[in-house]
Structures are given as structure tokens and as C-alpha cells.
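Visitor: Could you walk me through one part of this structure up close? I'd like to look at the packing on the inside.

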Amino acid sequence: MTTNGPLAPLTTFRLGGPADRLVTVTTDEELVATVRDADHRGEPVLLVGGGSNLVIGDEGFAGTAVRIATRGVDLRGTRLELAAGEVWTDAVAETVRAGLAGVECLAGIPGSAGATPIQNVGAYGQEVAGTITEVVAYDRRAGEVVTLDNAACAFTYRGSRFKADPARYVVLRVRFGLEDAGGLSGPVKYAETARALGVEPGDRVPLAKARETVLALRAGKGMVLDPADHDTWSAGSFFTNPVLDAAAYAAFLARARERLGPDVAPPAYPDGENRTKTSAAWLIDKAGFTKGYGSGPARISTKHTLALTNRGTATTSDLLALAREVRDGVREAFGVTLVNEPVMVGVSL
């Protein structure tokens with residue numbers, strides 16, 4: 001245990017003040033015992049995995065921060081079980097080496113395996129909701145370890161039961177059901193990936209080729225961690241893609257055409273009955289916040305408008321000021337309010 005434990009080095013933003021107490025755990029039993037002990041004392045708990053989805057306030061965290069460093073990869077046939085502390089992108093590489101499809105397009109996403117069901121991590125046409133079979137978690141309310149099947153996880157777009165009730169569950173292990181497609185990927189669903197691969201949507205390609213292509217696409221957007229590249233000092237996509245009902249989408253389209261001309265065609269993807277998903281990156285760019293926007297120590301990435309970055313000397317306050325400017329500017333331009341994807345600790349937009 002470390003008192004006044006530094007948290008900024010544990011996050012990809014490299015931002016935030018210290019925790020009152022910082023404890024590193026390496027087994028499920030240690031993790032459960034540490035959280036249970038803090039709960040009994042009535043002390044706030046912050047769980048830290050890969051730190052790729054955290055925005056921690058400059059004042060730090062008044063409580064116990066638990067760094068999850070559990071390890072364990074169990075691959076049997078098409079069934080994969082990962083300890084919460086396993087590095088996600090390494091686990092994806094392992095499935096590709098094993099010739100199993102299902103998460104290959106999630107290569108290069110920073111963070112830990114335990115965070116994937118919380119956020120329902122997804123990219124390039126795949127999301128973990130499509131392959132997770134069970135999540136083993138400590139239920140802080142019941143005081144016991146429970147196993148939740150896929151349906152019980154209540155996955156939504158970048159959401160889940162765990163995200164909806166963040167103080168209740170501590171993810172211990174995640175189980176996946178993958179596909180043996182003879183060394184081929186799952187059907188390529190994302191248009192950008194299909195173009196980069198030179199195939200049609202729905203086609204399959206060699207697993208290694210799918211993974212390498214996704215890594216190249218992510219690297220081109222500053223979405224693969226590189227300590228020397230400040231474009232990767234971020235939480236990846238800072239805002240989620242808005243999902244609009246029919247009335248909200250019609251109002252948005254009218255605003256977009258009024259602003260950009262009658263022939264403008266914003267990105268639009270069906271998302272359930274009478275709902276349309278549009279692109280946060282498009283909204284940000286068309287509202288005037290282009291790549292590299294900003295003059296201070298927190299700026300939009302020079303490679304991707306969805307990433308807000310620490311150029312090396314930023315504070316969390318600097319980052320939030322930029323985030324609010326972008327959010328408010330998009331709302332003023334298009335009537336759509338962007339929602340942050342990272343978890344806010346001691347701060348809010």
C-alpha cells in the first residue's frame with residue numbers, strides 16, 4: 001500500500017492528482033478482500049486497470065485506489081477466460097495466434113480485459129458483447145462473487161449493467177466464446193476496414209491480416225499507445241457517437257443542411273427501431289474543431305478529431321475546458337449534445 005499514491009502515471013492521459021491510498025492486487029482474492037475492507041470502512045474505492053478510460057481530477061481521489069494487476073489466460077478450444085488485469089491488446093494477439101475469430105478487430109485498444117465488459121468495448125465493426133459469454137464479478141452489494149451470463153450483463157452501445165451501476169460490481173474474470181473459422185476473421189462489418197483490406201463488407205480475411213490492418217488504421221489516428229507521441233496521450237475517443245430518435249435526427253439533419261448546404265449527407269447508421277447513429281467525429285469537425293485544434297497544453301489530436309490529448313504539460317482542468325468547448329460548440333452548431341466516453345473521477349463536464 002502507498003499513501004498519497006500517484007495516479008497520473010497509471011492513466012493514458014497522464015493526468016490527475018494522487019489517491020489517499022494506492023493498493024496493487026495480483027489475485028482475485030486480494031482484489032475482493034481489498035474492496036470489501038474499504039467498503040466496511042465506508043471508504044470510496046477507485047478501480048484502476050489499464051487507465052485508458054479514466055479522467056481523474058487534479059485534486060486526486062479521496063479514498064482507496066486499487067490497481068488491478070491480476071493475471072491469467074485460459075484458452076481451451078474456442079473458450080477463452082481472462083483475468084481482469086490482463087492486457088487487452090495482448091489477449092487479442094493471443095486469439096489471433098490461436099486461429100480464433102471474434103475480437104481481432106479490437107486489436108490495439110489500450111486497457112485491461114476487465115474493463116471491456118464495463119464499456120462494451122468496440123471498434124471497426126466488433127464489440128465484446130458479441131463474444132462475451134460470462135463475467136465473474138464481486139457483487140459489493142451482496143458481498144459475494146457472482147457469475148453473470150451475456151444477457152445479465154445488459155450490454156448496450158458503449159454501456160452495460162456494470163457501467164450503469166458502477167459502485168456495485170468488481171469484474172474479476174471475463175469469459176469469451178470465439179469462432180474457429182479455419183484461420184479466417186469474422187465477417188468484416190466496418191466499411192473503412194473493408195476498404196483498407198480491399199474486400200466487400202461481409203467477407204472474411206486471414207486473421208493476422210485483419211489484426212494488422214486494424215492496428216495500422218488505429219496508429220494512423222493516434223489510437224495505439226506510443227509514449228513518444230503526444231497524440232496517444234489520450235483516452236482514445238473522448239465522445240460517443242450520438243444515437244438519435246427519429247425526431248431528433250430530423251432536427252439535426254435540418255440544422256446540418258442549414259449550416260452546410262442542402263446536399264450535405266451526415267454519416268447515418270441504423271441503430272434499432274426508429275433510431276439513427278451519427279458520427280461524433282464528423283460533428284466535431286464540421287462545428288469547426290479540426291485536427292490539432294487548440295493553443296494550450298490540451299488539444300485535439302493532430303490525427304483524429306475524436307481524441308482530446310495532453311501535449312505534455314496539461315492539467316485535468318485544461319482537458320475539461322477543451323472538452324466543454326467542443327461539446328458546447330457542437331450543440332450550438334447542430335443541436336446535438338455529445339456525451340463523454342471516459343469515466344470521470346472527481347470531475348464532470
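To get my bearings, how many helices and strands does the secondary structure of the chain come to? After that, please take me into the largest nonpolar core.

Guide: Happy to. Keep in mind that this is a predicted model. The chain comes to nine helices and 18 strands, and 51% of its 349 residues are buried. Its radius of gyration is 20 Å, which agrees with the value near 20 Å for a compact globule because that rule depends on the residue count, here 349. Along the principal axes, the C-alpha atoms fill a box of roughly 60 × 50 × 40 Å.

Now for the core. The largest nonpolar one has 35 residues, and Phe238, Phe239, Phe252, Ile284 and Phe334 have the most contacts inside it. Helix 7 (246-260), helix 8 (280-286), strand 16 (298-300) and helix 9 (316-334) each supply at least two of its residues. Helix 9 gives the most, with eight.

Zoom in on Ile284. Leaving aside residues up to four places away in sequence, Ile284 touches Phe239, Phe289, Ile300, Thr305, Leu306, Val326, Val330 and Leu338. There is also a second, separate core of 32 residues, which includes Val103, Ile109, Leu148 and Leu178. As a rule, nonpolar side chains in soluble globular proteins tend to be buried together.

Stepping back to the whole chain, 61% of the contacts with a separation of 6 or more join residues 24 or more positions apart. On the outside, the chain exposes about 15000 Å², with carbon and sulfur atoms supplying 49% of that.

Note on methods: Residues numbered from 1 in each chain as written. Predicted model: local features only at pLDDT ≥ 70, side-chain atom pairs only at ≥ 80, totals over all residues. Heavy atoms only, no water. Core = buried A, V, L, I, M, F, W, Y, C linked by side-chain atoms within 4.5 Å. Buried < 20%, exposed > 50% of the residue type's maximum accessible area, 1.4 Å probe, protein only. Helix = DSSP H or I, 4+ residues; strand = E, 2+ residues; numbered from the N terminus. Contact = heavy atoms within 4.5 Å. Rg over C-alpha atoms; globule rule 2.2 N^0.38 Å. Areas by Shrake-Rupley, 256 points an atom, 1.4 Å probe, with all protein chains shown as cover.
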